[in-house]
Amino acid sequence: MAIERILKDDASEEKGERARMASFVGAIAITDLVKTTLGPKGMDKILQSTGRGQEVTVTNDGATILKSLHIDNPAAKVLIDISKVQDDEVGDGTTSVVVLAGELLREAEKLVAAKIHPMTIISGYRIAAECARNALLQRVVDNKENAEKFKSDLMKIAKTTLSSKILSQDKEHFAQLAVDAVMRLKGSTNLEAIQIIKKPGGSLKDSFLDEGFILDKKIGLGQPKRIENAKILVANTAMDTDKVKIYGARVRVDSMSKVAEIEGAEKEKMREKVQKIIAHGINCFVNRQLIYNFPEELFADAGVLAIEHADFDGIERLALVTGGEIASTFDNPESVKLGHCKLIEEIMIGEDKLIHFSGVEMGQACTIVLRGASHHMLDEAERSLHDALCVLSQTVNDTRVVLGGGWPEMVMAKAVDELARQTPGKKSHAIEAFSRSLVAIPTIIADNAGLDSADLVAQLRAEHHKEGCNAGIDVISGSVGDMAELGISESFKVKQAVLLSATEAAEMILRVDEIITCAPRKREDRM
Amino acid sequence: MAAATAAATAAQPRSSKTESYVDNKRKEDIRQANIKAARAVADAVRTSLGPKGMDKMISTANGEVIITNDGATILNKMEVLQPAAKMLVDLSKSQDAAAGDGTTTVVVIAGALLKQCLLLLTNGIHPTVISDSLHKASTKAVDVLTAMAVPLELSDRESLIKSASTSLNSKVVSQYSTLLAPLAVDSVLSVVDPAKPDMVDLRDIKIVKKLGGTVDDTELVKGLVFDKKASHAAGGPTRMENAKIAVIQFQISPPKTDIEQSIVVSDYTQMDRILKEERNYILGMIKKIKATGCNVLLIQKSILRDAVTDLSLHYLAKAKIMVIKDVERDDIEFITKTLNCFPIANIEHFRAEKLGHAALVEEVSLGDGKIVKVTGIKDMGRTTTVLIRGSNQLVIDEAERSLHDALCVVRCLVSKRFLIAGGGAPEIELSRQLGAWSKVLHGMEGYCVRSFAEALEVVPYTLAENAGLNPIAIVTELRNRHAQGEINAGINVRKGQITNILEENVVQPLLVSTSAITLATECVRMILKIDDIVNVR
């Protein structure tokens, strides 16, 4: 007797072998898509939006590419999620994590084909990941005590991160920018205090770090363009008459003069509000909403600098860095915390006038002004710089550093290989596969650089047979080189996150033996 | 999903990465397609380069017709879809923002570079190697150009005019370059702030277009020009000497509250009273205005209520106050800066010290329209107005674009005071020096730099071609002359031969040339690094 349908109409179900195949296929396809962006010679992708405006983005950032893809494969979605998490947690290594997870699955596929139970593979992977992590831990360098050395470590990390991005040509300059900015933060990972402003024009080299805060707004007419020892009130309030918010409220009068009186009263209300604001003893007023002509003139008369229509992000950050609070009522001047800064002035960057707040309360705050040929360039530069800032701020907290250029993968692979030889049973196959997946990363880096990967990786493996070797792939000269000498370093935290989340993701996908697709929610056709 | 499956089936046969050959077919295809698309764009504007370059007629989607020679404008209106082609459009926009002129040159150079890159790619050189070499070559190129440049003083009005006319010579309005070039120079120099001598804000130069007359009638106005007529609905004055000007941001009309209001009329005697009250209200306002001695009113446009009513116009006319209404809010800053006055947002604040003073405000008839001119402003701010005239809209628009380019050229010279020869001389010299340099470099780099050098010859080649000369003969001779050390030899398009181009007064700002080279290189490098196009949400 045939079983009756269990699932709803459009829902589908895939089982066992087919389900596993589907997830492998999806995950591997995603991996193949992003893997060419890996490494210093990785290529960029054009993301062509099919939406309105057909916008074009050029990027090398794994997280950005994956985030914007159309994906219908559940396993592929898992990979995208881990790259997102990697982006949020440590900011860099978003491509690496996906590639490693993909390679793990590629190996697992072969093992499954060789009739090894997924659970065995999973437990093998787990042991291998633990072992790889320990191997890496033994080789980390920690220069926490030595400030001088630590700073050079940071520079190296920044340069390594940037070398795979669009900023590679000016990496010295940008590494210095990023390190300076992060050092100002003094250990906090609050990247909010670093503001990035993009201004087209000039070249990337003209980008600079500025202490203080820059607001992309104009100063109101007839108001002072320069204020020293400013007391700033940051507000989010409507500056027009407080309208009665009851629907249909209207005033009935029986003569024109009364209308004039009401208008006068409205104006009076506005004036009162302005007076109240000025009574805070301020000389700079920043509002998120519009300040109309009338209050603007009042402020100008009082010699107060008023900035209207600052965007939400802008005022929150301004409140943060000047140490003020965003106010919306002005009845109790005592309870409102004002922001302070030493100097407000109007500056010109490229063609535009901006307002510069220097000597702000929160010393950590700074602004990086990016200049570049086009918007594509600036957007990509911002993404790259953001990656570098994230990694650096993480490294400041966790000062352990490892070498780069495929070195960590080779160290881990060696340890995992040895473990495989000592492990009895089927698990050893899985552990061996793990080591192969790790080696895939230097292989891809070499491939992307147009080098003979098979040869290079073999050489690298031979080098790593020696104790305490620092060999990695030197992409520039196309040979095996000493990573310590070349100054290629990475943050341990990033590497660890890549290793652990890739293993977890692979494990999760491996566990799947059935995919149930729910019926898509029907959309009502609107006529 | 379909794409994912396809990619996966392709991935399956190569089981182990280390052993198999990597198939790069798709990437090659994408790169080729990108380069071809970008070159197509470059070819489209190539013929408009140089003084004998041709114009393009663009008919836009909404039926408007534009005739222009300006690379940035052509590309902007082209509506390209291919992403790499779009990047070229952006490139010309960037050049427009950075230097204002040379928007065609930059695209032509990028196209030539891409052509050379395609050759290098087919020779199997890795794109990143090419990209790095291009970067090196462009840095070197900027050094060479800077070494060639001639320093300039701002007081040297002649040289400034020369470079402005070089820019104007390639435009439709070239026959007016003797008029427009000095005009551009004067207007830029008049807005330079002595406190910040390197900065010119082109927003301080207002360009007003008015149909009628010819381009010859274009003039520089020391003062303000409004493309509006004075309100004389009620026979108000249209000419005012010793004007006291007020810029107001409130309205002279019956009161209106923010809260919805209605006047209840219960019997007919009230109607009379209301009308009378309205009259008194307006009269009161006008009296206050008159009391300060103000005789010209500029009224900001209001969307909430009428700026003026017939009634208030009538009273204003009686009070002998000239009224210009519907001034845009965006223009207020420019106006107040020029008049050295403050905007007044409320009748209560209407005070004499907020007024601006001018010797003469008058309405002038021009063609079929009228404009209002304010001249002889007391303590005038550092602003200038240029009034462009022309026999038809197309000419006026093109004249505006050309003038904008010329203004940008002068601005470039103010911020970076170096001149360089025009007429293809710098490009051929670059090509020669980089070619020599490439011989001392090692490996792939040298090969790529040589290609870069060859690509630069496209500028003189195109100049000659557009002028109807034999490009090969000209470029060869040019190369020859430069090899003999005449670094300023360039193509003299008028005479159709090679001469010392500096003596021919064909000069351009250094900034235009350097930014064209660096921007074109940056764009080409970006295109080279792309290996896939992904469709996303």
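A salt bridge is taken here as a side-chain nitrogen of Lys or Arg within 4 Å of a carboxyl oxygen of Asp or Glu. In the predicted model described below, the side chains of Lys209(B) and Glu400(B) satisfy this criterion, with a distance of 3.0 Å from N to O. The pair joins distant parts of the chain, since Lys209(B) belongs to strand E4 (residues 205-211) of chain B and Glu400(B) to helix H12 (residues 393-415) of chain B, 191 residues apart. Partners on both sides of this bridge retain some accessibility: Lys209(B) is partly exposed, at a relative accessible area of 31%, and Glu400(B) is likewise partly exposed, at 26%.

Helix H12 of chain B also carries Asp405(B), which, in contrast to the partly exposed Glu400(B), is buried, with a relative accessible area of 1%. When residues up to four places away in sequence are set aside, Asp405(B) touches Asp70(B), Gly100(B), Asp101(B), Ser167(B) and Lys171(B).

A further salt bridge in chain B is formed by Glu429(B) and Arg432(B), whose closest N and O atoms are 3.0 Å apart. Here both partners lie in a single element, helix H13 (residues 425-438) of chain B, where they are three residues apart, or about one turn of the helix. The two ends of this bridge differ in their surroundings, because Glu429(B), with a relative accessible area of 0%, falls under the 20% limit and is buried, whereas Arg432(B), at 33%, lies between the limits of 20% and 50% and is therefore partly exposed.

In chain A, salt bridges that share partners join Asp32(A), Lys35(A), Glu103(A) and Arg106(A) into one network. Within this group, the side chains of Arg106(A) and Asp32(A) meet at 3.2 Å from N to O. Arg106(A) is placed in helix H4 (residues 94-113) of chain A and Asp32(A) in helix H1 (residues 16-35) of chain A, so that the bridge ties together parts that are 74 residues apart in sequence. Both Arg106(A) and Asp32(A) are buried. Over all chains, the structure holds 40 salt bridges.

Considered as a whole, chain A comprises 16 helices and 20 strands, and its C-alpha atoms fill a box of roughly 95 × 75 × 40 Å along the principal axes. Of its 527 residues, 56% count as buried. Among the contacts in chain A with a separation of 6 or more, 75% are accounted for by residues 24 or more positions apart. The chain exposes about 23,100 Å², of which 49% is supplied by carbon and sulfur atoms. One of the buried positions in chain A is Ser163(A), with a relative accessible area of 15%; this residue is located in helix H6 (residues 147-163) of chain A. Apart from residues up to four places away in sequence, Ser163(A) touches Pro40(A), Ser168(A) and Lys171(A).

The two chains, A and B, bury about 7,300 Å² between them, with 55% of this area on carbon and sulfur atoms. The contact draws on 85 residues from chain A and 79 residues from chain B. Eight residue pairs are in polar contact between chain A and chain B, counting pairs in which both residues are at pLDDT 80 or more. On the side of chain A that touches chain B, helix H8 (residues 256-278) of chain A supplies the largest share, nine residues. Two salt bridges are counted between chain A and chain B. The side chains of Lys45(A) and Asp532(B) also meet across the chains in a salt bridge, at 3.9 Å from N to O, a distance that is within the 4 Å cut-off.

On the surface, Met57(B), Val65(B) and Leu394(B) form a nonpolar patch, with about 250 Å² of accessible area together. Of these residues, Val65(B) is situated in strand E2 (residues 65-68) of chain B. At 32% relative accessibility, Val65(B) counts as partly exposed, and its inclusion in the patch is permitted because patches are made of residues with over 30% relative accessible area and no salt bridge.

How values were computed
Residues are numbered from 1 along each chain as its sequence is written. Chains are lettered from A and ligands numbered from 1 in the order in which they are written. This is a predicted model: local features need pLDDT of at least 70, side-chain atom pairs count only at pLDDT 80 or more; totals for chains, interfaces and linings use all residues. Side-chain values use heavy atoms; hydrogens and water are left out. Patches are made of residues with over 30% relative accessible area and no salt bridge: like charges are joined within 9 Å, nonpolar side chains (Val, Leu, Ile, Met, Phe, Trp, Tyr) within 5 Å. Accessible areas come from the Shrake-Rupley method with a 1.4 Å probe; for residues, only the protein chains shown count as cover. Helices (H or I, at least four residues) and strands (E, at least two) are DSSP runs, numbered from the N terminus. Buried means under 20% relative accessible area, exposed over 50%, partly exposed in between (1.4 Å probe, protein chains only). Contact means heavy atoms within 4.5 Å. Buried area is the accessible area (1.4 Å probe) that two parts lose on being put together, summed over both. A polar contact is a pair of N or O atoms within 3.5 Å; within protein, one must be able to donate a hydrogen and the other to accept it, and residues adjacent in sequence count only if both atoms are side-chain atoms.
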